[in-house]
Amino acid sequence: MERTTNMLDAVPDLRQEEAVAAWAEPESRRIASLNFDDAQVDNVASISPADAAHASLGLDPVSLNRFVLCLLAADWACYPDPANREAYPHLQHAVTVFPKGFRLWTAGAGCRILPIGYSAFHPISPGTFAVLRDGPQTITNRRQITPQPQTASGEQYLYIYNIGILPRFHRTEASRALMRAFREDLAAVPHRGLTAIIVSPDGKRVIERFGLRQSGVITHDGHEELAYVSDE
């Protein structure tokens, strides 16, 4: 937790979308361009709001927003095409609604700890699951897949928001650790079905490991993306 706290302390507490973008663009480019050596690739760590709560440390509102900004920087570093990036308001809302579904991965670079990827999921309504299964072509923006709080019954449908890490860390112990932790996080939340939107061949290979099948195509800001669902 100490290394994460130090990382969060170095992040400005920005709330306006324009200011966030002005910070995230150069920060994500810098992260993506770093030459992580083998030792750094093997020395990764992760943190989620659920971990902090379990350790009775918690994340205050400022630290939680800085956590969101780290997620955003990792997202933009992993997905250089603006069409595939998440927007700060949507990401911040999703984390606020279901914080325990988000896990940030970090690595050291010089004297700094930096975000290098993240995994995330959140509950969705039965109606949204049905649309992704039966009529994904009616979705014209990923932000229509809105996060829901966890149900009182403990069983809900889940949307796999992201599983991504910088290319330098692909096929390393870091990416394997990310997948193991994501499976554990997912298994800890009872669910009836899974959904996902895929924007890359790597994402397709990863998501199919979870037993999802393609149900059709959505559009996001004019770009076609693949919808995937599991059997209930």
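In which loop does Arg171 lie? Arg171 sits in the loop between β4 and α8, where helices (H or I, at least four residues) and strands (E, at least two) are DSSP runs numbered from the N terminus. Before we go further, please keep in mind that this is a predicted model, in which local features need pLDDT of at least 70 and side-chain atom pairs count only at pLDDT 80 or more, while totals for chains, interfaces and linings use all residues. Residues are numbered from 1 along each chain as its sequence is written, and side-chain values use heavy atoms, with hydrogens and water left out.

Let us stay with Arg171 for a moment. Arg171 has a positive phi of about 55° although it is not a glycine. Most residues other than glycine have a negative phi. With a relative accessibility of 65%, Arg171 counts as exposed; buried means under 20% relative accessible area, exposed over 50%, and partly exposed in between, with a 1.4 Å probe and protein chains only.

Asp221 is another residue to look at for its backbone. Its phi is also positive, near 50°, and Asp221 is a residue other than glycine. Asp221 lies in the loop between β6 and β7, and these two strands form a hairpin with two residues between them. Strand β6 (residues 213–220) and strand β7 (residues 223–229) pair in the antiparallel sense over seven bridges; two strands pair if DSSP finds at least two bridges between them. Within this hairpin, Thr219 stands opposite Glu224 in β7.

Now turn to the aromatic rings. The structure holds seven aromatic pairs. Here, rings of Phe, Tyr and Trp (its six-membered ring) pair if their centres lie within 6.5 Å, and planes under 30 degrees apart count as stacked, over 60 as edge-to-face and the rest as tilted. One of the pairs joins Phe121 and Phe182, edge-to-face, at 6.0 Å centre to centre and with 80° between the planes. Phe121 belongs to strand β3 (residues 112–124) and Phe182 to helix α8 (residues 173–187), so this contact ties together parts that are 61 residues apart in sequence. Phe121 and Phe182 are both buried.

A second edge-to-face pair is made by Tyr159 and Tyr161, and it earns that label because the ring centres are 6.4 Å apart and the planes stand at 75°. Tyr159 is buried, with a relative accessible area of 5%, and Tyr161 is buried too, at 8%.

The phenylalanines build a further group: Phe98, Phe121, Phe182 and Phe210 form one aromatic cluster. Over the face of Phe210 lies Arg183, at 4.4 Å from the ring centre. A charge is said to sit over a ring if NZ of Lys or CZ of Arg is within 6 Å of the ring centre and within 35 degrees of the ring normal.

What about the spaces in the model? On a 1 Å grid over the protein atoms alone, a cavity is a set of points where a 1.4 Å probe fits but cannot get out, and a pocket is an open set with protein on both sides within 12 Å along at least five of seven lines; lining residues have an atom within 4 Å of a point. Grid points are joined across faces, edges and corners, and a volume is the space filled by probe spheres set on the points.

The largest pocket has a volume of about 780 Å³. It is lined by 34 residues, of which Ile163, Gly164, Asp202, Gly203 and Val206 are the closest to its centre. Two or more lining residues come from each of α5 (61–78), β4 (156–165), α8, β5 (191–198) and α9 (201–208), and β4 gives the most, with seven residues. The lining of this pocket divides into 18 nonpolar, seven polar and nine charged residues; Ala, Val, Leu, Ile, Met, Phe, Trp, Tyr, Cys and Pro count as nonpolar, Asp, Glu, Lys and Arg as charged, and the others, Gly among them, as polar.

The tyrosine pair reappears at the cavity. A search of the whole structure finds one cavity of 30 Å³ or more, and the largest cavity is lined by Glu86, His90, Arg142, Tyr159 and Tyr161.

Finally, compare two alanines. Ala174, in helix α8, is buried, with a relative accessible area of 1%, whereas Ala39, in helix α3 (residues 38–42), counts as exposed at 55%.
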